[in-house]
Amino acid sequence: MNFETLAIQSTQFHDANASAVVPPIYLSTTFEREPDSSIPHGHIYTRASNPNRNALEKAYAALEGGAVGMAFASGQAATTTLFQCLLPGDHVIIPDDAYYGTPALLLEVLGLWGLQFSKADMSDLAAVEAAFRPNTKLVWMETPSNPLLKITDIQAVADLARRKGAYSACDNTWATPVLQRPLDLGCDVSMHSATKYFGGHSDLLSGALIFKENGPLAEKARQLQSLGGAVPSPFDCWLIVRGIKTLALRVRQQSANATQLARYLRTHPQLEAVHYPYLESHAGYEVAKRQMVSGGGMLSIQIKGGAEEALAVKSKVKVFIRATSLGGVESLIEHRATAEGAHSVSPKNLLRISVGLEHVDDLIADLAQALG
């Protein structure tokens, strides 16, 4: 099926009670057994399974072309679960410009447990290969990266990891399966902060892992999901299922808006750089064109000057909302170094932009007046 049809078909729910077209929300935490203690519908307790979560997880697998989908309470919960599938003493390779929460998690939490990690420039295959150790068990990709939108050749890195006997995983939050499917490119796992584009309306918190195969890694993750209990509520699952139905329409329009905005900004005299993978000047343009349908709804700009000049631009916007997060219908702008805090490696003059569904002419006009 085409993606739009699959998004509708994969989220349909057969309601045996009332034949409702829109699925009901099963808020129950526990489920009745038969007199002989058998489980008629497969559900015992919502931490382990719930009809709304099961429906969402099946949709995740279908949309990413995987065998197993799993839903979590947040993107960070999903990431944590995957790392916990490894053992103390194992080694992980992550991007040198990874989302700041990923190295913080490895350093401040899982590092104390004995998990090792190192960073590499994921846009340089030789650098990735040089980062391998005998105990490397996982290569973690993020493409486009946050906030510099660097591009990783997913297939090349996944092939390298497989030759080295390691798993490969990709944070696919920014591209979504509408624009990029890492499992089709050889990845073992695709991860999402479903808070962003899947939910699409800045009103829920959730995460996802999708596994190419139903093997030992997926089985371990499922065990940790149930034992750890970091799962989304039935209502949040219901909201994401609703969001999936319009995912393709939203992402494609956001991407079209972002492309126009990036093309306008690339020659602006007040800007030092514009980071967007579908600009011909972008270092990863050729790889992005090969593995992405379009450039996505995210971009970042570097203002000439430093933090003071960037903050001044941010303070003048009228249509953009000054807020953290991304993927919602509203356009957001933030000074990334401020959001990340004292340990941020983001350039001090960088503003990260999540492009929404407003008319692109209004977005261009707003940044034009803010840049002066």
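1. Helix 3 is a good place to start in this predicted model. The helix runs over residues 75-84, and 8 of its 10 residues are buried, so the rest of the structure largely encloses it. The buried set is Gly-75, Ala-77, Ala-78, Thr-79, Thr-80, Thr-81, Leu-82 and Phe-83. Have a look at the start of the helix too: there a side-chain oxygen of Ser-74 comes to within 3.4 Å of the backbone nitrogen of Gln-76.

2. Carry on past helix 3 and you get to Leu-86, in the loop that leads to strand 2 (91-95). Is Leu-86 buried or exposed? It counts as buried, because its relative accessibility is 7%, and the cut-off for buried is under 20%. Leaving out residues up to four places away in sequence, Leu-86 touches Val-92, Trp-113, Leu-115, Lys-137 and Leu-138. The Leu-138 pairing spans 52 residues along the chain, with the two C-alpha atoms 8.4 Å apart. Leu-138 itself sits in strand 4, which covers 136-142.

3. Just after strand 4 comes a stretch I'd check by eye. The loop between strand 4 (136-142) and helix 6 (154-163) holds Pro-144, and Pro-147 is in that loop as well. Both prolines follow a cis peptide bond: Thr-143 to Pro-144 has an omega of about -5 degrees, and Asn-146 to Pro-147 has one of about 10 degrees. For context, most peptide bonds are trans.

4. Two serines deserve a glance for their backbone angles. Most residues other than glycine have a negative phi. Ser-37, though, has a positive phi of about 75 degrees, and Ser-325 has a positive one near 95 degrees. Where do they sit? Ser-37 is in the loop between helix 1 (3-9) and helix 2 (51-64), while Ser-325 is in the loop between strand 10 (321-322) and strand 11 (332-335). As for cover, Ser-37 is partly exposed at a relative accessible area of 45%. Ser-325 also counts as partly exposed, at 21%.

5. The loop between helix 1 and helix 2 also carries Tyr-26. With 24% relative accessibility, Tyr-26 counts as partly exposed. Setting aside neighbours within four places in sequence, Tyr-26 is in contact with Phe-13, Asp-15, Asn-17, Asn-50, Pro-51, Asn-52 and Pro-234. To get a feel for distances across the model, take Tyr-26 and Leu-149: they are 123 residues apart along the chain, and their C-alpha atoms are separated by 39 Å.

6. Asn-52, one of the contacts of Tyr-26, lies in helix 2. Which residues does Asn-52 contact, leaving aside neighbours within four places in sequence? They are Pro-24, Ile-25, Tyr-26, Pro-234, Cys-237 and Trp-238. Asn-52 is buried, at a relative accessible area of 4%. Note that Pro-234 turns up in the contacts of Tyr-26 and again in those of Asn-52.

7. Gln-254 is another polar side chain to inspect; its place is in helix 10 (residues 247-265). Gln-254 is buried, with a relative accessible area of 0%. Not counting residues up to four places away in sequence, Gln-254 touches Tyr-197, Gly-296, Gly-297, Gly-327, Gly-328, Val-329, Val-355, Gly-356 and Leu-357. Several glycines are in that list, including Gly-327 and Gly-328, which belong to the loop between strand 10 (321-322) and strand 11 (332-335) that also holds Ser-325.

8. Stepping back to the whole chain, the secondary structure comes to 14 helices and 12 strands. The radius of gyration is 21 Å, close to the 21 Å that the globule rule gives for 372 residues, so the chain is as compact as a globular protein of that length. Along its principal axes the C-alpha trace spans about 75 × 50 × 35 Å. Among contacts with a separation of 6 or more, 69% are between residues 24 or more positions apart.

9. Last, burial and surface. Of the 372 residues, 55% count as buried. The chain exposes about 15,600 Å², with carbon and sulfur atoms supplying 54% of that area. On charge, there are 32 positive and 36 negative side chains, and the centres of the two sets lie 1 Å apart.

Notes:
Residues are numbered from 1 along each chain as its sequence is written. This is a predicted model: local features need pLDDT of at least 70, side-chain atom pairs count only at pLDDT 80 or more; totals for chains, interfaces and linings use all residues. Side-chain values use heavy atoms; hydrogens and water are left out. Helices (H or I, at least four residues) and strands (E, at least two) are DSSP runs, numbered from the N terminus. Buried means under 20% relative accessible area, exposed over 50%, partly exposed in between (1.4 Å probe, protein chains only). The radius of gyration is taken over C-alpha atoms; the globule rule is 2.2 Å times the number of residues to the power 0.38. Contact means heavy atoms within 4.5 Å. Accessible areas come from the Shrake-Rupley method with a 1.4 Å probe; for residues, only the protein chains shown count as cover. Lys and Arg count as positive and Asp and Glu as negative; His and the chain ends are not counted. The place of a charge is taken as NZ of Lys, CZ of Arg, CG of Asp or CD of Glu. A polar contact is a pair of N or O atoms within 3.5 Å; within protein, one must be able to donate a hydrogen and the other to accept it, and residues adjacent in sequence count only if both atoms are side-chain atoms.
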